[in-house]
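Visitor: I would like to learn how to read salt bridges and a nonpolar core from a set of coordinates. Could we work through one case?

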Amino acid sequence: MTDLFLKNILSINPSKIPSGVYLEARICFLDYLACSCAGAFYFAAKERDFIKSSGSGGNDHFSTLLSLNCRSNPQIAALINGLNSHVLELDDGHRQGAIHVGGAIFSALLAIAEKEKINERDFLYAAIIGYEVSIRLACAMQPGNKLRGYHATGTCGTLGATVAIAIAMHFDFDQMKSALSAAVTSAAGILEMQEDDSDMKPLNVGRAAMDAIAAAYLGKARFKAPKDALGGKRGFLKVMTDEAKTSFLTDFSSGTFAIQQIYRKTYAACRHAHPAIEAALTLRNNVIDSLGLLKPIKSIEVETYKLAIGGHDHKDISSVSSAKMSIPFSVALALYKGNAGMGAFTEENINTPQILKLTQKIFISENKKLSDLSPQKRAAILHITLEDGTVFSQQVDYPKGEPENPLSKEEFKQKFIELMRISGISKEKCEKILLSAYNNNFSISEILSLLS
């Protein structure tokens, strides 16, 4: 299976990839940069302490730590940038694979691109392949990978980021197989990291990027790999899930690229909360707000698919991280503030009595029909019952940002500029970066110069 999968991946000729797919890769990179630059401010003090105490900082290093005004070795840069890319819960992902993709891939690629002087064309081609590997593997592993407690962003993301580096550095087949095998035995990421008031969930992204670099250089050095690290009797597909859907690794006839199937976030919460958030905002804007927001609400029911419930139905909010993982809090926030973007998940709001009181009135239940539609459709139905018995209902099948309901060019620009302004980047510089991406004048060094 390892050989077969790699041969299928390598059959994707860079010259045969449509220009629109390369544009998608550039936009994914910009989305990653914005998330990571803004996210850096969340853990800046802790990260600077880590860099100082570990002795991993210094201008003599190759790789940029986004928004932290310093440099480090590639592995530490990939770790920190990857962690920051996931902090705000605004990074891209894939619903069928239940995986966040860009954080691991671009954190690893960017660190290596600076060190190895990777050109822009190879960088984008490598990113496209990295998305392909991560998403195909995640789709093959789900839902078993999640049900076993693994975070596919960490498990499959490690493999995708490793292959992306191998592609960017023009590894031959044996080097690539060695690198992928090293990534298989490095792959990890546990969903328990999102529980309570833990800061550790984004570490699954950063660690995947960091370990991908180590795995890639082991491959470059030609450490001999086992025959089948993916499909062997104790290989990745056996250990990480109950029954792997290997057709995702062998059937490349769909005609679309995995990177074209990703979603981009507009709400700063776990993706499982987004359909319920959007239903709440729709009802608030179209119905409830006209009646007066303070009109007494008796209860709120969220019907959704089974995989959305576990780990996302808690009502005791202990931190901003905990709030972002909670469907009840996210819905209450959206109803009360009319907003569930980055600026809404704050210490002030998680301590607002009215929002917390409303959170306690929200109940989550499985809708079997919606579970049967998942993961092709990750939907929610919201029912709001007022004290006078009036009931308002709203169903959302594809929240904003899904491939079926994508962000417009202007909506993406607004998101990009809003995030970049947090890191002190002027609107003028943001416009230049966006222009370079859309006009195919993509330059990694120029973008990093504008961000510094």
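**Salt bridges and core**

Guide: Take one pair to begin with: glutamate 132 and arginine 136 form a salt bridge, with 2.9 Å between the closest N and O atoms. Keep in mind that this is a predicted model.

Visitor: How many residues apart are glutamate 132 and arginine 136 in helix 6?

Guide: They are 4 residues apart in helix 6, so about one helical turn separates them.

Visitor: Are glutamate 132 and arginine 136 buried or exposed?

Guide: The cut-off for buried is under 20% relative accessible area. Glutamate 132 has 3% and is buried; arginine 136, at 9%, also counts as buried.

Visitor: Which parts does the salt bridge of lysine 377 with aspartate 397 tie together?

Guide: The closest N and O atoms of lysine 377 and aspartate 397 are 3.7 Å apart. Lysine 377 sits in the loop between helix 18 (368–373) and strand 7 (380–386), and aspartate 397 in the loop between strand 8 (391–396) and helix 19 (409–422), so the pair ties together parts 20 residues apart in sequence. Aspartate 397 counts as partly exposed, at 24% relative accessibility.

Visitor: What about the salt bridge between glutamate 114 and arginine 71?

Guide: Their side chains meet at 3.5 Å, N to O. Because glutamate 114 belongs to helix 5 (residues 102–116) and arginine 71 to strand 2 (residues 70–72), this salt bridge ties together parts that are 43 residues apart in sequence. Glutamate 114 is buried, with a relative accessible area of 12%, whereas arginine 71 is partly exposed, with 26%.

Visitor: How many salt bridges does the count come to, and which residues are linked in a network?

Guide: The count comes to 19 salt bridges. A network of salt bridges links Arg95, Arg271, Glu402 and Glu404.

Visitor: Now the core. What tends to happen to nonpolar side chains in soluble globular proteins?

Guide: They tend to be buried together. In this model, the largest nonpolar core has 157 residues, and the members touching the most others are Leu33, Phe123, Phe236, Phe416 and Leu451. Helix 6 (residues 120–141) supplies the largest share of this core, 15 residues.

Visitor: Which residues is leucine 33 in contact with, leaving aside its neighbours within four places in sequence?

Guide: Leucine 33 then has contacts with Leu66, Leu110, Met420, Ile447 and Leu451. Leu451 therefore appears twice in this reading: as a contact of leucine 33, and among the core residues that touch the most other members.

Note on methods
Residues are numbered from 1 along each chain as its sequence is written. This is a predicted model: local features need pLDDT of at least 70, side-chain atom pairs count only at pLDDT 80 or more; totals for chains, interfaces and linings use all residues. Side-chain values use heavy atoms; hydrogens and water are left out. A nonpolar core is a set of buried Ala, Val, Leu, Ile, Met, Phe, Trp, Tyr and Cys residues joined through side-chain atoms within 4.5 Å. Buried means under 20% relative accessible area, exposed over 50%, partly exposed in between (1.4 Å probe, protein chains only). Helices (H or I, at least four residues) and strands (E, at least two) are DSSP runs, numbered from the N terminus. Contact means heavy atoms within 4.5 Å. A salt bridge is a side-chain nitrogen of Lys or Arg within 4 Å of a carboxyl oxygen of Asp or Glu.
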